[in-house]
Amino acid sequence: VLLLVYAVKLPAAFTWPSLAIIAATGLTLVLVAAGQTIVVMTGGIDLSVGGILSVATVIGAKQFTESTGTIVLWIVIIVALGAIAGSLNALLCIKLGLQPFIATLGTWSLFAGIALWIQPVEGGVIPSRLLGWTNATIGPVGMPIVGIGVVVLVWLLVRRSRLVYSLRAVGSSAQAARLSSVNVNRTLLIAYTLSAALAALAGIFLSTQIASGSPIVGNEFILQSVGAVVIGGASLRGGHGSVAATTAGAYVLTLVPSVVTAYGFSGDVGTIVQALILLFAVVVVVRGPVMRAQLKGGIE
Amino acid sequence: MTGRQRSHVDGVRDRVTSPTGLGFVAVAVLFVIASLTSAGFASLDNMSTVGLQAAFIGIVALGQFVVILGGGIDLSIPAVMTGAGIVLAKLCAGDSANAVWAVPLTLVLAMAIGALNGTGIAMFGGAPLVVTLAMNTLVIGVLISITGGAHAPSVPSAIVDASSGRIAGVPGGVIVWAVLLVIAASAARWTAFGRNLYALGSNPTVAVLSGARPYPVIVSTYVISALFAGIGGILLSGYVGDPYVGMGDPYLFTSVAAVAIGGASILGGSGNCIGTVAGALTLQIVTSLLPSLNLSPAALNVVYGIAIVLTVAFATRARSRRTRRDIPARPSKPEPSEAVSG
């Protein structure tokens, strides 16, 4: 599946030489989709990321000033608020026994409302100091590329950890996980909290991209983040998933419109191609594990 | 085996009483609040407007319900609604006489989209969420290509009359809604299709072993949903006059929310199509209520969110109390805190 993804990705990278711009365009989606991957691994889904993303951009646009201290303080506050929002999602799922789809559908509406309440229209100013940070370079490498590097690196470091095994275990079978002394509720709490905190972080980054806050900007990222996870090869039934593969998936979705327009088609053709790739990916994702199992002698 | 059978019996009793009942209690409470806080809310004229707007939600929620009952979800409803409105407006070119063949043709196109959804899901095993989502994006992309993003021409007056015209004070859209409800309710109860659907939604393996044929049933659910979305889209375009891309977008959220508020399990296998009526009315009364209370769209979002979570939480508790013994994975530990939080 990954190979396929890169085959799609490579020609795109050649047509667009400035990698930093590509990286910057996709980083928001990468962050959201990374969080989404964690939740999907547990067999859940987080639709509230869109609301959280919007809230993060409008708070940022309202509160950031040119002083470094204020910026850092509010980044911490925004991410913390995101984490709280995520734990609310988790509590709804755990304590009230709601299905994740419904619980986060409700909180998405709730958070989107809060974003509209804070700031009903697009606007606000993102200080140039913060813009400077995200556009800075370390040597020849731009910050967004570093950001993606960090996401993938952190994933590679933790993917064999206890937590990730717990996430997968809960996603495969909550009951089996509980019987093998995995703390299911705690794992779910961590998953939703991480997802929401990453969405908040993505919101901050996005606000530097659009240089303002928008109460509705997050909504498009809900379905795209799920799409990125699926193209990355995860099953929405849970138990599988890789943040690195999701990152690749996120870039497929980000690049398709640019590539299609680069070949002289209009924007809506890009949308259509995006949808076709998504459909294709779903089919491959389903067939992939079956074929792999056959290669391994049908043990799986 | 006996456990599953008992669960089915419980399920029937369950449908007759609690979660759906809760939905209607919510409607009644909201209606009283609305009548008290906003003068003229209970007037016949206003009621029929609210009823008509609720009908759009109710009709597409009915389709969504059928899909959810079978264990899927249909996120392509907004695109099908929008598409039905735009295609119909283009086909008719403003002439009511053309509606005679344009309406059936539009609905057949809608059902074709549903058939594609169902095939992708049932035959190729795609996740319903992703397949229908991609289909939504795909159809909207095509629609933007067709219209260039502009408003489509107005639908002919016949469609406007069918939607908003009133017979004895009742708007046409509401009558269509009622007819579809009766058909759906009868089909769910008395046809093999309805029973197979409940069976497949609650436990596919058992259903297949007992002789249900999954593919036709699952594909049919998506065709039905697309058909209802098409009908809803045509009526909606009659209400707004000239259909536009984005017309159907709010119904992604409201169709799922109405089903959930109506007491159906989003995992399939349980629920009652009458519940979607409670869901649609709840959502529409809340929406209609807000302007008179001087509340902004922001508040609407917040209220929607809280309403969904609370209603579903109550419905889930009512259901799990009845059938707890039949659902092994249901966590039983948090019970005391449930009581506290309730």
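A residue is called buried here when its relative accessible area is under 20%, and by this criterion A:Trp108 and B:Phe253 are both buried in the structure, which is a predicted model.

Two aromatic pairs are found over all chains when the whole structure is searched. One of them is formed by A:Trp108 and B:Phe253, whose rings lie 5.8 Å apart, centre to centre, with 85° between their planes, an arrangement that is edge-to-face. Because A:Trp108 belongs to helix 5 of chain A (residues 100-118) and B:Phe253 to helix 12 of chain B, this pair joins two chains. The other pair consists of B:Phe56 and B:Tyr239, and it is tilted, with 55° between the planes and a distance of 5.4 Å from centre to centre. Here the link is between distant parts of the chain, since B:Phe56 lies in helix 3 of chain B (residues 44-69) and B:Tyr239 in helix 11 of chain B (residues 214-240), 183 residues apart. The two partners are also assigned to separate accessibility classes: B:Phe56 has a relative accessibility of 1% and therefore counts as buried, whereas B:Tyr239, at 33%, counts as partly exposed.

Helix 12 of chain B, which contributes B:Phe253 to the pair between chains, comprises the twelve residues 250-261. At 1.5 Å a residue this helix should span 16 Å, and its end C-alpha atoms are indeed 16 Å apart, so the expected and computed values agree. Eleven of its twelve residues are buried, which means that helix 12 of chain B is largely enclosed by the rest of the structure. Among these buried residues are B:Tyr251, B:Leu252, B:Phe253 and B:Thr254, as well as B:Ile261 at the end of the helix. The helix is followed by B:Gly263, which has a positive phi, near 95°.

A further contact within chain B involves helix 5 (residues 99-122) and helix 6 (residues 128-147), whose axes come within 9 Å and cross at roughly 145°. The crossing of helix 5 of chain B past helix 6 of chain B is right-handed. On the side of helix 5 of chain B, the contact is made by B:Ile113, B:Leu116, B:Asn117 and B:Ile121, while helix 6 of chain B contributes B:Pro128, B:Val131, B:Thr132, B:Met135 and B:Val139. Classified by character, the residues of this contact between helix 5 and helix 6 of chain B comprise seven that are nonpolar and two that are polar, with no charged residue among them.

How values were computed
Residues are numbered from 1 along each chain as its sequence is written. Chains are lettered from A and ligands numbered from 1 in the order in which they are written. This is a predicted model: local features need pLDDT of at least 70, side-chain atom pairs count only at pLDDT 80 or more; totals for chains, interfaces and linings use all residues. Side-chain values use heavy atoms; hydrogens and water are left out. Helices (H or I, at least four residues) and strands (E, at least two) are DSSP runs, numbered from the N terminus. The expected span of a helix is 1.5 Å times one less than its number of residues. Buried means under 20% relative accessible area, exposed over 50%, partly exposed in between (1.4 Å probe, protein chains only). Rings of Phe, Tyr and Trp (its six-membered ring) pair if their centres lie within 6.5 Å; planes under 30 degrees apart count as stacked, over 60 as edge-to-face and the rest as tilted. Axes are lines fitted to C-alpha atoms, for helices over the stretch in contact, and angles run from 0 to 180 degrees between N-to-C directions. A crossing is left-handed if the near helix is turned anticlockwise from the far one by less than a right angle, and right-handed if clockwise. Contact means heavy atoms within 4.5 Å. Ala, Val, Leu, Ile, Met, Phe, Trp, Tyr, Cys and Pro count as nonpolar, Asp, Glu, Lys and Arg as charged, and the others, Gly among them, as polar.
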